[in-house]
Structures are given as C-alpha cells and as structure tokens.
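Dear colleague,

I am passing on the structure we spoke about, with the sequence beside it. Please have a look at it first, and then read the notes that follow.

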Amino acid sequence: VGKRLPKRPAQHVGLRSMSDPFESSRRKLARGKEHILDLDREIGAFLNENHWSHTADINVDTPDYLLHKIRLVKPMRDAIPNLVGDAISNLRAALDHAMYAVITATGANARNVYFPFGKELSDINNYFNGRGKVIPQEIHPVVRGFKPYKTGDGNKLLWALNEARNMDTHAVVTPMGIHAAIVIYGLGSTGTFVMPDNPVWDRSIQEVQFLT
C-alpha cells in the first residue's frame, strides 16, 4: 500500500494498430450478412408453418362483394424482428467504422465523427463544414458519391438503412409475406373485383385485405 506501481506500456487497440485499418468495418459488414442469411431462413420456416388463414367476409357497405383477407393466426417468430434489427445495426455501423479508420489514419480525433446522412445533399455539405471538418478533403467526393440523402438523386435505400437504424426496428417490422398464385374466379358477366395497389397491414388485428 502506498507504493507506486510501474507504468505499463500503452496498449493501442485502435484501428491504427491493425494491418488493415478497415478490418473492424469489414467485420461489421460480414456480421450483417450473416444476420441476413439467418433472417432468410427464419422467414422461410415461418411461412412454411402456415401461421396464416384466408377469410372472405361480406362487405358491410356493399353486401354483394366479399373482402378477401390474409390473417396471422400465430404470432411472428421473435427471431425475425431481432435479426432485422441486428442486420441493420451492423450494416450501418460498418460505415461509421470505415469513417473512423479514415480519420484516425490522418492523426485527427475521430471521437465525434460519423458517416453522414441527410435529407438532401446540402446536409452532407453542412456536415463537412461543421462536425465533420476533420474529414480529409479527398474523402468528401467519395462520401458524396454514395449519395446518402433522400431527395433528388439520393440513394434512398441507403438513406432508409440509416432511418431504420435510428428507430425502434423491433416495433416497426411488418409481419407480411406475399405469395403469388393463380386464382380463377367465376365472376359472370356482371362480376368485378378490385385489388388495392398498396395493401395496408392492420397490426391491431394482424391482417391485410388484398381483394374485393
């Protein structure tokens, strides 16, 4: 007690100590792909178990028509929303890890820097002039080339990845499977049918109307 312990040599565990500065980013990307494969298997198993039913209810407003619906009779597997969230988080984190590697390679402090996203291109430019001012100028066109914004010619899929990561993915996953089949109806000379362009899943009763 009271004696000073000798100082240990600093252990640098950051990305700069790795032979490949993007190793951490590649690990995140690989892990995200593993989650997607697991998700595909879980969805396939769920659909094969036939946890759904087809109903044809009389339309109250127009009794001559039937409302055809698909309804879940058993809850969706817990693994499905969990894997969706894990996959999204890892894919999004791969971008931040890559940006961290770029900045630390210059010797700058990358503590509060991340891969930028925005509603429009001007948001990305504002980021470079603000919090991301430590990002090397040579990297700016690379990031802009990914078009991580929503409007105009933005990469909406990449932008959606960031939006999904920022919300509670376990709460917003919609349990819906779409299966194509040939259906023949004897409608007669006066029969008509309507299929909605964008079927809406009713989470409160776990069903979707697909044909009237």
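Which residue just after α1 takes a positive phi? That residue is Asn 50, whose phi is about 55 degrees. Before going further, please bear in mind that this is a predicted model, and that what follows was computed from it.

Helix α1 itself covers residues 23-48, and its length can be checked by simple reasoning. At 1.5 Å a residue, its 26 residues should span 38 Å, and because the C-alpha atoms at its ends are 38 Å apart, the expected and the modelled spans agree. The helix has six residues to look for in its buried part: Ser 24, Ser 25, Gly 32, His 35, Leu 39 and Phe 46. As a general point, an α-helix has 3.6 residues a turn, so residues three or four places apart point the same way. Among the elements that cover the buried residues of α1 are strand β2 and helix α2, and both of these come up again below.

The strands are best taken together. They make an open sheet of four strands in the order β1-β2-β4-β3, with antiparallel pairing. The edge strands are β1 and β3, each of which pairs on one side only. In general, strands of a sheet pair through backbone hydrogen bonds, either parallel or antiparallel.

Going across the sheet in that order, β1 (residues 52-58) is joined to β2 by seven bridges, and one residue pair to find on the screen is His 54 with its bridge partner Ile 70 in β2. Strand β2 (residues 66-72) is then connected with β4 (residues 207-211) through four bridges, again in the antiparallel sense. Here Lys 69 has Gln 209 in β4 as its bridge partner, while Arg 71 stands opposite Glu 207 of that strand. Finally, β3 (residues 201-202) runs antiparallel to β4 and is held to it by two bridges, with Trp 201 opposite Val 208 and Asp 202 partnered by Glu 207. Glu 207 therefore deserves a second look, since it is named both opposite Arg 71 and as the partner of Asp 202. Strands β3 and β4 form a hairpin with four residues between them, and in that turn Gln 206 has a positive phi of about 55 degrees.

The second largest pocket is the other feature I would draw to your attention. How much space lies in it? The computed value is about 240 Å³. Its lining consists of 13 residues, and those nearest the centre of the pocket are Leu 95, Ala 98, Phe 115, Val 142 and Phe 146. Helices α2 (79-105) and α4 (140-146) each supply at least two residues of this lining, and α2 gives the most, with five. By character, the lining residues divide into twelve nonpolar and one polar, with no charged residue among them.

Leu 95, one of the residues nearest the centre of that pocket, belongs to helix α2. Is Leu 95 buried or exposed? Its relative accessibility is 18%, and because a residue under 20% is classed as buried, Leu 95 counts as buried. Leaving aside neighbours within four places in sequence, Leu 95 is in contact with Phe 115, Phe 117 and Leu 158. The C-alpha atoms of Leu 95 and Leu 29 are separated by 8.8 Å, although these two residues are 66 residues apart along the chain.

With best wishes

Methods. Residues numbered from 1 in each chain as written. Predicted model: local features only at pLDDT ≥ 70, side-chain atom pairs only at ≥ 80, totals over all residues. Heavy atoms only, no water. Pairing = 2+ DSSP bridges. 1 Å grid on protein atoms, 1.4 Å probe; cavity = no way out; pocket = protein on both sides within 12 Å on 5 of 7 lines; lining within 4 Å. Points joined across faces, edges and corners; volume = space filled by probe spheres on them. Nonpolar A, V, L, I, M, F, W, Y, C, P; charged D, E, K, R; others polar. Expected span 1.5 Å × (residues − 1). Buried < 20%, exposed > 50% of the residue type's maximum accessible area, 1.4 Å probe, protein only. Contact = heavy atoms within 4.5 Å.
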